[in-house]
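These are my notebook entries on strand pairing and side-chain contacts. I set down what I looked up, one topic at a time.

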Amino acid sequence: MYEFVNRADIEVNYVLHRKNVARTYQNDFRMTNSLVYYLVGGHTFFFGEKSVSAKAGDIALLPYGASYKNEILSSDTEYYQIDFCIYKENIPGKIVDEPTVISNLPTNNALFLFKEVF
């Protein structure tokens with residue numbers, strides 16, 4: 001088996017294409033990191049005193065260990081989701097400290113990447 005040296009190991013846990021999304025969801029401790037690419041609609045994520053919204057064409061980055069509530073922006077919300085773990089010396093890590101949204105990406109490139117991983 002190949003072993004990374006002085007690098008983080010990455011484990012893809014699952015890849016989803018979601019439709020008919022629940023209106024609200026409470027996550028008290030996220031067990032993986034996640035990248036979510038929105039095709040339609042989106043989510044608002046509430047954590048602590050802050051909130052961020054991700055809409056169609058955006059990517060939400062959800063970190064390992066995060067606690068948040070989310071609400072859909074529209075009833076037709078649809079997205080691709082990639083859940084993964086990052087380990088350094090067998091200790092799980094996170095990609096960002098709190099839910100973050102990346103906007104204004106070249107749509108075709110992001111959609112192609114998520115479809116290929118799916």
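I began with Glu71, which at 29% relative accessibility counts as partly exposed, because buried would need a value under 20% and exposed one over 50%. This is a predicted model, and I read each entry below with that in mind. Glu71 forms a salt bridge with Lys69, and I noted 3.7 Å between the closest N and O atoms. Lys69, at 33% relative accessibility, counts as partly exposed.

I then went through the other salt bridges, the count of which comes to four. Arg30 forms one with Asp83, where the closest N and O atoms are 3.2 Å apart. I looked up where the two residues sit: Arg30 lies in the loop between strand 2 and strand 3, while Asp83 belongs to strand 8, so this salt bridge ties together parts that are 53 residues apart in sequence. Are Arg30 and Asp83 buried or exposed? I found Arg30 buried, and Asp83 is buried as well.

A further salt bridge is formed by the side chains of Lys55 and Asp58, at 3.5 Å from N to O. Here I compared the accessibility of the two partners: Lys55 has 47% relative accessibility and counts as partly exposed, whereas Asp58 has 2% and counts as buried.

My next entry concerns the aromatic rings, for which I noted four aromatic pairs in the structure. I followed up one of them, Phe29 with Tyr64: the ring centres are 5.4 Å apart and the planes stand at 85 degrees, so I entered the pair as edge-to-face. Phe29 lies in the loop between strand 2 and strand 3 (33-40), and Tyr64 in the loop between strand 6 (59-62) and strand 7 (68-72), so the pair ties together parts that are 35 residues apart in sequence. Phe29 counts as partly exposed at 42% relative accessibility, and Tyr64 counts as partly exposed at 23%.

I turned to the strands after that. In which order do the four strands of the open sheet stand? I read the order as 2-7-4-5, with antiparallel pairing. Strand 2 (24-27) and strand 5 (50-55) are at the edges and have a single partner strand each, so one side of each is left without a neighbour in the sheet. From one strand to the next, the twist averages 15 degrees.

Within this sheet I looked more carefully at strand 4 (residues 42-47) and strand 5, which run antiparallel and are joined by six bridges. As an individual position I noted Phe47, which stands opposite Lys50 in strand 5.

My last entry is on strand 3, for which I looked up two pairings. Strand 3 and strand 8 (residues 78-88) run antiparallel, with seven bridges joining them. In this pairing I noted Tyr38, whose bridge partner in strand 8 is Tyr79. Four bridges join strand 3 to strand 6, and these two strands run antiparallel. There I wrote down Tyr37, which stands opposite Ile59 in strand 6.

Note on methods
Residues numbered from 1 in each chain as written. Predicted model: local features only at pLDDT ≥ 70, side-chain atom pairs only at ≥ 80, totals over all residues. Heavy atoms only, no water. Pairing = 2+ DSSP bridges. Axes fitted to C-alpha atoms, helices over the stretch in contact; angles between N-to-C directions. Phe/Tyr/Trp six-rings, centres within 6.5 Å; stacked < 30°, edge-to-face > 60°. Buried < 20%, exposed > 50% of the residue type's maximum accessible area, 1.4 Å probe, protein only.
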